[in-house]
Amino acid sequence: MCSKFSRFSHPKITENIKKSVQNQLLEAISIYDNGGIYERLEGEFKKKFNVKNAIAVNSGTTALFSMFYGAGITQGDEVIVPSYTFFATCSPLHQLGAQLRFADCLDNGNVDPKAVEVLITSKTKAIVITHMWGIPCDMDELVDICNRYNLLLLEDSSHAHGATWNEQIIGSFSDGSAWSFQGKKILTSGEGGFFATKHSRIYERAVLVGHFNKRAQKEVTDEDLRNFVITGTGLNLRMHPLAAAIVLPQMFDFDQIMQEKRETALILKKEIETIDGLKIVRIPSQANPAWYALPILFDKNKFTVNMYDFVKKLNELGAYEADIPASTCPLHKYPLFHSPDKISQSYPQKLYVNKQNFTNAIKFHNSMFKLDVWYGKERFDFIDNYLSIIHYVAKLYKK
Ligand SMILES: Cc1ncc(COP(=O)(O)O)c(C=O)c1O
């Protein structure tokens with residue numbers, strides 16, 4: 001077994017990133033409108049992600065909030081959300097008084113369009129989806145459902161930077177899409193995010209809620225919204241200009257990174273699937289994932305230990321980034337979702353969650369661990385090290 005182990009560093013702090021931050025320190029550390037680094041970053045983002053309107057914000061969570069506020073989701077609206085996702089996919093909806101309906105997932109962790117469709121009522125306003133671990137959801141079926149019922153389709157694309165469905169980039173299909181740029185994400189500003197939409201009214205409302213005065217004055221044109229341009233509607237969600245400077249150079253390396261990640265994923269998939277009891281989650285034929293992570297299904301019947309002990313052993317031997325996601329899980333168990341009234345009287349519903357078993361989400365969560373998907377020159381060392389450790393542990397615990 002190889003003995004040279006280290007943690008993978010992401011993002012790579014290149015000379016271009018250092019220069020970009022230094023230049024930004026001299027240029028401006030606070031920007032009131034949509035100029036300077038915001039204009040450059042948003043311009044690149046719009047080109048790369050094929051979106052009409054895009055706004056940089058200070059986190060993925062606030063990108064999601066901007067999307068929900070922009071879409072006009074309010075008290076009394078029902079929103080169908082995935083049961084299995086990171087909680088911020090839907091936690092911002094509580095600030096707007098919406099009622100959630102959780103939909104169970106498919107065998108690959110992505111929301112099941114059939115489970116979504118049965119939850120639609122006359123109060124449903126939107127369907128929210130997350131492309132889990134970078135694997136696109138079934139956009140054909142989800143777009144079709146939203147068209148048939150006249151509902152908004154809103155995406156959490158935080159894991160899926162650059163993923164495609166039928167060769168169309170994720171984030172460009174729907175009524176709105178939100179991306180996290182937090183430190184572990186493929187494109188990252190440390191903390192940060194993006195919101196994009198093809199609808200100018202949704203966009204202008206998103207500008208109003210987080211980018212008051214100068215930016216709002218420039219970009220908000222709707223007559224009824226213009227009354228609010230000076231004050232905005234309550235928040236400041238601007239991305240820090242230094243964060244924008246960190247991520248801008250990554251836009252130019254992105255295609256290369258994506259190509260290398262895809263190569264890594266293929267090598268790992270091919271080799272790991274030779275092990276009886278381990279399998280990469282199902283990738284639909286229309287999907288080209290972003291490989292934010294490599295999700296692996298663990299068949300407990302094939303090993304003498306459970307998944308937790310299996311992953312613990314991987315970690316002990318140097319496969320540090322083998323990980324069982326904890327807070328990304330079936331969400332109905334969290335107090336925020338079943339007892340929101342205990343934290344604030346402004347949340348009127350006693351019970352936000354439809355009572356279901358979410359069998360697939362629980363099963364997926366209990367049988368999946370993940371690896372990072374490496375890029376850069378050192379990726380081959382990581383591939384070799386991890387594969388030799390995985391083979392060793394699988395043999396050690398083989399039933
Ligand atoms: C799927 C998903 N949605 C939303 C978020 C929230 O993003 P942020 O941490 O940038 O607020 C994350 C971040 O970890 C995520 O993984």
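## Polar contacts to the ligand

A polar atom in the side chain of serine 180 lies 2.7 Å from an oxygen atom of the ligand. This model is predicted. Lysine 185 makes a second approach: an N or O atom of its side chain is 2.8 Å from an oxygen atom of the ligand. Serine 158 faces a nitrogen atom instead. That ligand nitrogen is 3.5 Å from an N or O atom in the serine 158 side chain.

How much of the ligand's accessible area does the protein cover? On its own the ligand has 390 Å² of accessible area, and the protein covers 90% of it.

## The shell and the pocket

The ligand sits in the second largest pocket. Its shell holds 15 residues. The closest are Gly60, Thr61, Asp156, Ser180 and Lys185. Two of these names, Ser180 and Lys185, return from the contacts above, at 2.7 Å and 2.8 Å.

By class, the shell has 10 polar residues, three nonpolar residues and two charged residues. Which element gives the most to this shell? Helix H3, residues 60–70, does, with three residues.

## Alanine 63 in helix H3

Helix H3 also contains alanine 63. Alanine 63 has 0% relative accessibility, so it counts as buried. The cut-off for buried is under 20%.

Aspartate 33 is 30 residues from alanine 63 in sequence. In space, their C-alpha atoms are 18 Å apart.

## Serine 20 and its backbone partner

Serine 20 belongs to helix H1, which spans residues 15–27. Is serine 20 buried or exposed? Its relative accessible area is 14%, so serine 20 is buried.

The serine 20 side chain has a polar partner. One of its polar atoms lies 2.6 Å from the backbone oxygen of alanine 245.

## Backbone exceptions

Most residues other than glycine have a negative phi, and most peptide bonds are trans. Three places in this model depart from that pattern, as follows. The peptide bond from histidine 10 to proline 11 is cis, with omega near -5°. Proline 11 is in the segment before H1.

Asparagine 50 is not a glycine, yet its phi is positive, about 50°. Asparagine 50 sits in the loop between helix H2 (36–49) and strand S1 (53–57). Tryptophan 291 also has a positive phi, near 55°. Its loop runs between strand S12 (287–288) and strand S13 (294–298). What sets the burial class of each? Asparagine 50 has 54% relative accessibility, so it counts as exposed. Tryptophan 291 has a relative accessible area of 7%, so it is buried.

## Tyrosine 84 and leucine 331

Tyrosine 84 lies in strand S3, residues 84–86. At 2% relative accessibility, tyrosine 84 counts as buried.

How far apart are the C-alpha atoms of tyrosine 84 and leucine 331? The separation is 6.3 Å, although the two residues are 247 apart along the chain.

## Glutamate 191 and cysteine 329

Glutamate 191 is found in the loop between strand S9 (176–180) and strand S10 (193–197). Its relative accessible area is 53%, so glutamate 191 is exposed. The cut-off for exposed is over 50%.

Cysteine 329 is 138 residues from glutamate 191 along the chain. Their C-alpha atoms are separated by 22 Å.

## Histidine 338

Histidine 338 is in helix H11, residues 335–338. Its relative accessibility is 29%, so histidine 338 counts as partly exposed. That class lies between the buried limit of 20% and the exposed limit of 50%.

Which side chain does histidine 338 join through a polar contact? The partner is serine 339, and the contact is 2.8 Å. Lysine 355 is 17 residues from histidine 338 along the chain, and the C-alpha atoms of the two are separated by 9.9 Å.

Notes
Residues are numbered from 1 along each chain as its sequence is written. This is a predicted model: local features need pLDDT of at least 70, side-chain atom pairs count only at pLDDT 80 or more; totals for chains, interfaces and linings use all residues. Side-chain values use heavy atoms; hydrogens and water are left out. A residue is near a molecule or strand if one of its heavy atoms lies within 4 Å of it. A polar contact is a pair of N or O atoms within 3.5 Å; within protein, one must be able to donate a hydrogen and the other to accept it, and residues adjacent in sequence count only if both atoms are side-chain atoms. Accessible areas come from the Shrake-Rupley method with a 1.4 Å probe; for residues, only the protein chains shown count as cover. On a 1 Å grid over the protein atoms alone, a cavity is a set of points where a 1.4 Å probe fits but cannot get out, and a pocket is an open set with protein on both sides within 12 Å along at least five of seven lines; lining residues have an atom within 4 Å of a point. A molecule sits in a cavity or pocket if more than half of its atoms lie within 2 Å of its grid points. Helices (H or I, at least four residues) and strands (E, at least two) are DSSP runs, numbered from the N terminus. Ala, Val, Leu, Ile, Met, Phe, Trp, Tyr, Cys and Pro count as nonpolar, Asp, Glu, Lys and Arg as charged, and the others, Gly among them, as polar. Buried means under 20% relative accessible area, exposed over 50%, partly exposed in between (1.4 Å probe, protein chains only).
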